[in-house]
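This report goes through one structure. It covers helix packing, ring geometry, salt bridges and surface character.

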Amino acid sequence: AVLTAAEVAYLDLKAVFNAQVVADLIDAIGTVEYTDALKAKIDLARSALNNLSETDLTKLSAEKIKQLEDAEFAYIDLQDTAAANNVILLINNIGTVEHTSASKEKIDLARNAFDALSDNGKNKINDETLSTLLNAEIEYEKLSAVEEFNALVATLNSDSSANDIYSVAVQCKNLYESIENKDFRSWHSNCSAMSHTMTASAHSL
């Protein structure tokens with residue numbers, strides 16, 4: 001059916017009204033802050049925009065749509081900043097690394113939080129802070145290796161056979177080589193001594 005001039009005018013006015021409602025919701029967002037109330041305003045404006053018909057959209061300027069998109073991006077950036085700041089706090093809370101479950105829990109908590117960041121969030125963590133986390137992880141691995149090394153050596157005594165000594169020496173050597181690239185020197189001399197023992201034991205077999 002052909003619309004009358006009055007009907008066309010009415011539909012046009014309706015589209016203008018619907019578009020204006022959305023424009024007002026976008027303007028109501030105001031300065032973007034990282035709050036639940038602000039997020040609710042953005043979501044409300046976005047939902048209203050998505051519900052506009054094609055005709056309604058022709059009455060809403062591209063600048064107004066970009067205004068909403070800019071607010072959305074700004075909020076996401078603030079969200080990423082807050083998440084990054086939380087990671088920084090977790091990393092700074094690691095403190096002195098010890099071979100304890102509490103220390104491991106702090107390191108893992110910081111690592112998991114960092115890994116959960118968006119790419120934008122990760123870019124907000126400076127190299128010095130990230131190095132603190134990486135060094136803590138490496139230090140804990142070193143301490144774990146020391147415990148493992150000492151436990152291996154503790155299995156030996158004056159009654160240990162050549163086979164026992166050889167087996168332990170091989171394990172210690174492998175343990176050392178597995179983390180050698182991490183500049184682990186604190187037990188290098190002990191491991192070297194075990195390597196010499198390994199060689200001597202091998203000749204005696």
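Helices here are DSSP runs of H or I with at least four residues, numbered from the N terminus. On that count, Leu3 is found in the segment before helix 1. The model is a predicted one.

**The N-terminal patch**

Leu3 has a relative accessible area of 45% and is therefore partly exposed. It belongs to a nonpolar surface patch with Val8, Tyr10 and Leu11. Together the four residues offer about 390 Å² of accessible area.

**Helix 4**

Helix 4 spans residues 62-92, which makes 31 residues. From first C-alpha to last it reaches 45 Å. That is close to the 45 Å expected at 1.5 Å a residue.

Which residues of helix 4 are buried? They are Lys64, Leu68, Ala71, Glu72, Tyr75, Asp80, Ala84, Val87, Leu90 and Ile91. Charged residues appear in this list, including Lys64, Glu72 and Asp80. The buried residues pack against helix 1 (5-27), helix 2 (36-50), helix 5 (101-115), helix 6 (119-122) and helix 7 (127-154).

**An aromatic pair**

Tyr75 also takes part in ring pairing. The structure has 1 aromatic pair. Its members are Tyr34 and Tyr75, with ring centres 5.4 Å apart and 45° between the planes. This geometry counts as tilted, because the angle is neither under 30 degrees nor over 60. The pair links distant parts of the chain. Tyr34 sits in the loop between helix 1 and helix 2, Tyr75 in helix 4, 41 residues apart.

How does burial differ between the two rings' residues? Tyr75 has 6% relative accessibility, so it counts as buried. Tyr34 has 41%, so it counts as partly exposed.

**Salt bridges**

The structure holds 9 salt bridges. Three of them are listed here, with the distance between the N and O atoms.

| Basic residue | Acidic residue | N to O distance |
|---|---|---|
| Arg46 | Glu72 | 2.8 Å |
| Lys66 | Asp70 | 2.9 Å |
| Arg111 | Asp115 | 3.1 Å |

The bridge between Glu72 and Arg46 links distant parts of the chain, with Glu72 in helix 4 and Arg46 in helix 2, 26 residues apart. Glu72 is buried. Arg46 has a relative accessible area of 23%, so it is partly exposed.

Lys66 and Asp70 both lie in helix 4. They are 4 residues apart, about one turn of the helix. An α-helix has 3.6 residues a turn, so residues three or four places apart point the same way. Lys66 is partly exposed because its relative accessibility is 46%. Asp70, at 38%, is also partly exposed.

Arg111 and Asp115 are separated by about one helical turn because they lie 4 residues apart in helix 5. Arg111 counts as buried at 18% relative accessibility, whereas Asp115 is partly exposed at 43%. Salt bridges with shared partners join Arg111, Asp115 and Glu137 into one network.

**The loop after helix 4**

Ile94 lies in the loop between helix 4 and helix 5. Is Ile94 buried or exposed? Its relative accessibility is 4%, so it counts as buried.

Which residues does Ile94 touch, leaving out those up to four places away in sequence? The contacts are Lys106, Ile107, Ala110, Leu133 and Ala136. Ile94 and Lys106 are 12 residues apart along the chain, yet their C-alpha atoms are separated by 5.5 Å.

How values were computed:
Residues numbered from 1 in each chain as written. Predicted model: local features only at pLDDT ≥ 70, side-chain atom pairs only at ≥ 80, totals over all residues. Heavy atoms only, no water. Helix = DSSP H or I, 4+ residues; strand = E, 2+ residues; numbered from the N terminus. Expected span 1.5 Å × (residues − 1). Buried < 20%, exposed > 50% of the residue type's maximum accessible area, 1.4 Å probe, protein only. Contact = heavy atoms within 4.5 Å. Phe/Tyr/Trp six-rings, centres within 6.5 Å; stacked < 30°, edge-to-face > 60°. Patch = residues over 30% accessible without salt bridge, like charges linked within 9 Å, V, L, I, M, F, W, Y side chains within 5 Å. Areas by Shrake-Rupley, 256 points an atom, 1.4 Å probe, with all protein chains shown as cover. Salt bridge = Lys/Arg side-chain N within 4 Å of Asp/Glu carboxyl O.
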